[in-house]
Amino acid sequence: MIHPKDKKMKIVKLLLLPLILLATGCTKDLVSVDYGDINPAIFPKSQADLEAMVNAAYYPLRGAYGDGIFSTSERGVMYLSDATTEILRGKYGDQQTASLQNFRPTDAGFTHYYDDFYNKISRMTTTIDLISRSTLSDELKTKAIAQVRCARGILAYTLFDLYGPLVVAPLEVLNQPLVEKPLARLSNEEMVAYIDADLTAAAADLPLPQDAEYGRFNKALAKMVNIRLWLHEKNWAKVKTLADDIIAYNAYSLDADYAAMWDLEGAKASKEVIWAIPCDYAGTSENQWQLMVLPAVYAPKGGFGTITSTWWFYDRFESNDKRKKMLITEFTGTDGITYNRSSPGAILDLGPLPLKINPDADRTTGLTTVDIIMYRYADVLLSKAEAIANAGGAPTSEAMELVNVVRRRAGLADKQLADYATLTLFNDLILLERSHEFWCENGQYRADLIRHGKYITRCQEVTGSTYTAPHKVLYPFSLRAVSEGKGLFIQNPGYN
Amino acid sequence: MIRDTFKTGCFLRNITFVLKFTQPFACKYQAFALIYFLPQFFGLHRIRKNNIILELKIATQSIYPKLICMPSTLIKKSLLFFLTLFVFQVSVLAQRTITGKVTDADGSPLADVSVSIKGTTKTVVTNQKGNFTIEAANADVLVISSTAYTTREVTVTGNALPDVKLQLENKSMDEVIVVGYGTQKKKDLTGAVSSVKAKDLVISSGPEIGGMLRGKVAGLTIRQNSAQPGGGLDILIRGAGSINASNSPLFVVDGFPISDLQQPGSDNRYNAGTQSILNSFNPNDIESIEVLKDASATSIYGSRAANGVILITTKRGSAGALKVQYSNNFSFQKYKNDFDVLPLNEWMQVRNEAGQEQWDFDNGVYPYGTNTREDVIQNGIAPFKKLYTQNAINNVGRGTDWFDLVTRSGGTTQHNLSLSGGTKATRYLLSGNYYDQKGIIKKSGLSRYSIRANIDQEVNKYVKAGITLTTSRIDNDNTQLGGDQFENSGIIRASIQQGPHIQAIDENGNYPLNPQLVLQPNPYSLLTITDKSRLERMLLNSYVDITPIQGFVIRLKAGMDRTITKRQSYLPKTTFAGELEQGRATISNNDRDDYLLEATANYTRTFANVHKFELLGGVSQQKFNTSVSSEGASGFITDAFLWNNLGAGAIRLASTSYGSKNMIASYFGRLNYNFNDRYLLTATVRTDGASVFAANNKWGTFPSAAVAWNISQESFFKRYTKVVSQLKLRFSYGQTGNASINSNAFAAYGAYPAWLSGEDLRLIGVSLTRLENPDLKWETTTGANLGLDFSLFNGKVDGSVELFNNVISDLLATKNLNSYQDINTIIANIGKTRSRGFEISINTRNVQTKDFLWRTQFNLSKYKDNWEERAPDWKPSVYESEKDPIRARFYRLSDGILQIGEAAPVSQPELKPGMIKIKDIDGFVRDGLGNPTVDANGRFLRTGAPDGIIDDADTKLLGTSDPTAMAGITNIITYKNFSLNFDFTALFGRNQADPNFTSYGISAYGVYSNGYNALRTVKDRWTPTNPSTTQPSSFWGFSPYGVGDFFQQKAWFIRCQNISLGYNLPRKVLGNVFSAVRIHADAANLFVISPYKGVDPETDSYTAAYPYIRTFTFGVNVNF
């Protein structure tokens, strides 16, 4: 028989056992598992990992309201840049601020491109480093790095065009994210060299246009963006060489039907499109242009009607220009009212509807499946024309022929060199053609106006704005960017 | 054994049996049976020692008259036979008639005092002289109770009891309250703990208990963030000092720390509002709520206790006969439309006028510019043509009343049944609750089914075990709520903004849209959306208590909180959004399993009668597993499938899923030392390890200590005890933690759709999404609390005063890294904040007589939350300072409305008449180029003088959005069988703009340009002919200088939250079936006293919020 006291002790011991088990068990598996994450220790290991990292480099270059720089909303480069020119005009909001060139450092609508996207240059820098340090084959690495460098070149050029030189963090700084280090902006020279290096390297290793997948980067695109860079810097020789390179790929030609490029599958079918951003209804990449430009009463499907073109712009098209047909000057709304220039209501009073895209009546959300065309072969031709004329100090028949090629497709008669004998006259013609050819595509017409010294005067002429001033050729940086620089970061001039 | 003596009265009308027993009654049980059953047959019985005297009274109208015809001997014999059968086995029975008298402390007799035998349902009441008579056996315990008096128990010895004196109830200091991992007497407490008994709350109309705590606890801020059925609460204990980490307290239900349960997102563009964390718990099941406020009380909960702990203790069964309680109530909510929108005729008038104003404004016509209308027209601009003729306006009527279409009278229905009882060894409680609420917005509703069961079982002298199971199912019917606007406007917002000129539904069954706003939904069509969610919770707690030796208890505990939430919604083609996609069905599922495993050991011992020690040690481990998923489809040929046939949708929407696992492991201990009830000491420590933190700081230790001095126990204080019966000074100091970062501290790459292929296939991208912070650790709150508990005038007034100071250091915050980094934020421990404040709670017994008791509970509290220290590389806006309030209100200063003829201020050249002027008070320090400059820390500087520019330098700190003080007062009055409970809550020192007014009440811009409707106040807007000084023009929003503090208004309020009137039916009318019946009528949210002009100062946190509704409830509670 067990003594009651022994029994008690036995119970105590029995009880202590689970206590001890629990106590020792606790400390071991204190591991957090988040099934949504990829552990850095196992990444990147495979070709698929590499491709995923490359895809991530494309990510900021999408159209997306929240975080895609080529959004077709007021949060994207094209919408806002074209709104600072005669192509678009807004009555309120950021678009109005743009039209009046009234942007200030406190306008997030103008400072956010830098604040939201310039760190993606850093993502690409670290991505390139990760790829080059991975154990995969050199062939795969070269292919991958070429795409990432192209993405970095495009992004850096786009921001440089809007703001001037940027802060570009070197890899050593990026590898120590927890150490605070204010950086100054690059000099103009350094910035240009940086972008050129990327685009040149990318062009070397990217596939030929004929071999590249639709929607992905190729040699011609890298060179086309580089053309934009050297146009910006007015380095005509480089522009011409790059243009000739692209022409020599023999991959592109002008499409006979201008408007068809913006059909539902137009960009994909086109021989002229160098790069377009694929979009669909579900919106990994978004094109919401109809939503932005169509008024609510537009049939069969309306939109927010946030912006229109200007009658000033419309009036400068020649009457038989096919390219202005996508500027809607009259329509009958779902309210039964016919809106046109003489009876514009509050819709067409400033200008026609710039619907340079298939209306896509089937769209089920605010998004369309029409892809965003970014660069076309016509740009190569007009850039070459400008380079030839400016390099030589006077237009040539070769240059004029390049302009006329583009004009013929628009159904227009040739211009005669004799009528545009001076460089100024020829440059004015080029500028006009560029606006008529590239309106509402990539927003580069702003840079064209600036390059030709007409950005400010055009704004004054079209909108009568009293806010514009010579310093408005660059957007301001936010106060946050300034304070983060601790005195090293210098705001663009004039923004006080 | 039984000898009978028959005395017959006048011929068989009265027969008396006297049962004589040879032995005294001893077996209570059988005596009880006898007492219970015999009266069923006999009119009256008396029990004396060894005798039962039964009198059979036969009334002529009863069935017994037949007996009259029978020979008396036959009757006698049959009755005797029956009786013999009945008491056949009675060998030892002794039941006696006990008489007694109940008086108050002064010896005055007390009537209607309930006297019952413990463990039975036998109850009698005292008469006007305080006398009672009850049949009881020796050693029976009589329970003598009356409202307002302390219940007494008296053991039966002899036939006549000495007079029982009842003391007026004053048990607050002897009250036992629940603390972390145990209970304590209130007088032994060293920490700051507030306790609320559910019986003092009016719990009839709401689905959960959180909202009912409003104004009941000093230092507890409860704000309903949505007044929808079951809507969510923001609950704060002593302010909110955390910046990024959560500020909500830890909720512990019967020892299980529970997690919040919300409806999943639906991916259908509409927001279902919020849910209270306590919706799963039937308020009728709750016994008490304890709010642990200072470090001494909370640090036993360690890393999750920084924001205080709310302990919810549910009812358990007690030994005794089965008790059945049933309650049922109905409430009624009448919707009163506070959104006073324009009817069609007035809207047309406003639209005409606004159109001309717009034309003038756009064309720079005086006073907006220098033109005249004639100039403008001459320049080729078409003149403004009125949209409607006066004749049309006069004859058009009031148009569509959208509110009328989407609202209804709401109400609740509730049934609650509980059964409890048991023996000394086994005790149980079972309860079931059905709660149904229909919201005042059509299709908004909530129903809950909940079942609770608990059993406590003593296995033997050493082992006790128990289990508690709570299961609940909540079915939500969602209306489209939330603060979204434009195409995502919810039903209330859509009803405000939709013009009265639009038809609700046309003859073809279509829902017309405003042609100028075709992307905005027809509010009436939103009622065709089906959006349901189901929240299921099963909380299972089990324990085994082992008491190997006296005073030593080991408790092993295992529990599980299993929650499944599901939301299913369908946007039909009748809605604009649904039509676009040809119907959209979505299903989301969230699944969560929390497991708790715990072991504690508690040892209590008293040495030398004065040194009382209580030692607690424990280990605990809680695991959290979550998984979520969603799927959907669109493009349906019919709306009939709802979400039940995703396969029939032409387009499959992207499906998503996610899962995570986390864990907290803990060791904790507590020592309570009590010297002679005079000096008290509590020391606690808890060490927590959390998996979310990275390698270097997984573990954190949170100690606390508290001392208390029971001054009233000191001998020198004895002479004051007539006035001050209790006086205790407390001080505590300690630390608690906060680990709620909703993430973890590890680096991670994330995968997401990054690009599309030419065939529109999603290509997945991977990039860094989180940086590792190897040093990340708990946010630590170091709190000091000074408290004073007192009880005056023999308990007529008691209460406590608390002063606290909490410093929250190592704040878990998202720190900005250099913005050029790909991932340019990181969760880090940076900066310090401080919460300071005081709390006063006072309970009084204003009047206390034998029939009447009036108690008042009052509390007042105040806190102030400030920054103490910022991150070293903090780069503030120019108007921010180091030690600003945490929820600072920064505004520019408005300076009235610019009137016609008045020159625009130099700093505001673009200001037009009717816009709001801003004061130029300061300017940036600028460099030679005029650019604002920064100091070496990257901070902008101000000159201190106006600079002719309105910018951030003119923005000023105008205090905090926290209330300056909070108060609550509850009155509980009982008079005989009546009871009245009413309470008020108040928040003082608040300012806010009325979001409905600023969105829809000022500008008529949208009325003209888009056909929006507006609140009637737009008629008072500034116009050239109505130069208002209080309301700006339609174009106020076009001022580039902002509006400053112009629309801010005082928003303090005092709300009459509840009034409840109850009546206990007198025992006389209850008969034998019921032991108590109470009927009650309640009103909730009866009125608000506030200078605020909007719909409600509490719910108006965004435009078109679901408003508070007055609720009337009627109910009955029945005890069997």
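**Notebook: the interface of chain B and chain A**

I began with polar contacts across the interface of chain B and chain A, and the rule returned 25 residue pairs, both partners at pLDDT 80 or more; a polar contact here is a pair of N or O atoms within 3.5 Å, where within protein one must be able to donate a hydrogen and the other to accept it, and residues adjacent in sequence count only if both atoms are side-chain atoms. I note that this is a predicted model, in which local features need pLDDT of at least 70, side-chain atom pairs count only at pLDDT 80 or more, and totals for chains, interfaces and linings use all residues. Residues are numbered from 1 along each chain as its sequence is written, chains are lettered from A and ligands numbered from 1 in the order in which they are written, and side-chain values use heavy atoms, with hydrogens and water left out.

**The side of chain B**

I then looked up which strands (DSSP runs of E, at least two residues, numbered from the N terminus) supply at least two residues each to the side of chain B that touches chain A, and found among them strand 26 (530-549), strand 30 (651-675), strand 34 (748-756) and strand 35 (762-770). The residues of that side divide into 44 nonpolar, 22 polar and 18 charged, where Ala, Val, Leu, Ile, Met, Phe, Trp, Tyr, Cys and Pro count as nonpolar, Asp, Glu, Lys and Arg as charged, and the others, Gly among them, as polar.

For the contact as a whole (heavy atoms within 4.5 Å), I recorded 84 residues from chain B and 87 residues from chain A. The two chains bury about 7300 Å² between them, 61% of it on carbon and sulfur atoms; buried area is the accessible area (1.4 Å probe) that two parts lose on being put together, summed over both. In chain B, the residues that lose the most area to chain A are B:Tyr749, B:Trp755 and B:Tyr820, together 13% of what that side buries.

**Salt bridges**

I counted a salt bridge where a side-chain nitrogen of Lys or Arg lies within 4 Å of a carboxyl oxygen of Asp or Glu, which gave five between chain B and chain A and 88 over all chains in the whole structure. I looked at B:Asp822, whose side chain meets that of A:Arg123 at 3.1 Å, N to O. Within chain A, I looked at A:Asp116 and A:Arg75, whose closest N and O atoms are 3.7 Å apart; this pair links distant parts of the chain, 41 residues apart, with A:Asp116 in helix 5 (residues 108-133) and A:Arg75 in the loop between strand 4 (68-69) and helix 3 (77-83).

**A sheet shared by both chains**

I found an open sheet of three strands in the order 2(A)-34(B)-35(B), with antiparallel pairing, and its edge strands are strand 2 of chain A and strand 35 of chain B. Two strands pair if DSSP finds at least two bridges between them: two join strand 2 (residues 37-38) of chain A to strand 34 of chain B, and eight join strand 34 to strand 35 of chain B. Which residue stands opposite B:Tyr749 in this sheet? I noted A:Ile38 there, and B:Leu756 opposite B:Arg762.

**A sheet within chain B**

I closed with an open sheet of mixed pairing in chain B, in the order 8-5-11. Strand 5 (residues 96-104) runs antiparallel to strand 8 (residues 131-136) over six bridges, and parallel to strand 11 (residues 164-166) over three bridges.

Methods: Helix = DSSP H or I, 4+ residues; strand = E, 2+ residues; numbered from the N terminus.
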